[in-house]
Amino acid sequence: LTGSAMFNIDYTTDFETEGRETTMVPPADYQSYNEFEILPDGRYIFLDGNSLKIFSSGSSSYEEYYLGELFDDGNYNNRYYSYLLVAENTVYLQSSQYLSKVNISELSNSESNYINVQEHVELDSQNPNDEFRGRPHIENETIIYSISPSQNTYKTYTKEGEDDPVEIYSGNTYFERLFLFNGRTYYTNGDTINEIYNGQISNSI
């Protein structure tokens, strides 16, 4: 079945809340975030480089927590991340060098606003070229992510909870955005979606 249809000519929509909009977080000139998720309790969490900002609905005030690594000698090293994921009570964060996690309860119970992140997946310490690439995704407790061990080489994995990662792809195709849907694995580069199945790229959508 193929064809085209034009809105308000071939079809229309009508529902009770059509056209309504609600401001959940009042805007401010100094706010600029690329990553945003909703926590299980309904609060909003934003990633701002090396910090997390948490807003309650309808409020412009927020709690801010700085992300980093606490060393045995008491020194603290800031961590900067590019991607933010939330699953149940865990926040996942990815940069090119780290795939980390923070339990949401740590944010509420912390005695300071500095959070010591935990590593969820570690790169190969023997390979200086290893880096995380592309946008990860999580469904329930399973996360999908990619690593580039060398130039133009990529390996993609799924990891369920604390289980060992499972490699699902190895090759020369870069996956810009990964996602899971009902346990099946997909990626998109632009306007095309492909399934990753049995180690191969298939089923273009």
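**A chat about Pro149, His120 and Glu88**

Modeller: Leaving out neighbours within four places in sequence, proline 149 is in contact (heavy atoms within 4.5 Å) with Asn127, Asn129, Asp130, Tyr154 and Lys155. This is a predicted model, where local features need pLDDT of at least 70, side-chain atom pairs count only at pLDDT 80 or more, and totals for chains, interfaces and linings use all residues. Residues are numbered from 1 along each chain as its sequence is written, and side-chain values use heavy atoms, with hydrogens and water left out.

Biologist: Thanks! Is proline 149 buried or exposed?

Modeller: Proline 149 sits in strand β12 (residues 142-150), strands being DSSP runs of E with at least two residues. Buried means under 20% relative accessible area and exposed over 50%, with partly exposed in between (1.4 Å probe, protein chains only). Proline 149 has 17% relative accessibility, so the residue counts as buried.

Biologist: How many Å separate the C-alpha atoms of proline 149 and phenylalanine 7?

Modeller: Along the chain, these two residues are 142 residues apart. In space, their C-alpha atoms are separated by 47 Å.

Biologist: And histidine 120, what is its relative accessible area?

Modeller: Histidine 120 lies in strand β10 (residues 118-121). Not counting residues up to four places away in sequence, histidine 120 touches Tyr92, Leu99, Ser100, Lys101, Ile143, Lys159, Gly161 and Glu162. Histidine 120 is buried, and its relative accessible area is 8%.

Biologist: Where is glutamate 88 found?

Modeller: Happy to place that one too! Glutamate 88 is exposed, with a relative accessible area of 61%. Its position is the loop between β6 (83-87) and β7 (90-94).

Conventions:
Helix = DSSP H or I, 4+ residues; strand = E, 2+ residues; numbered from the N terminus.
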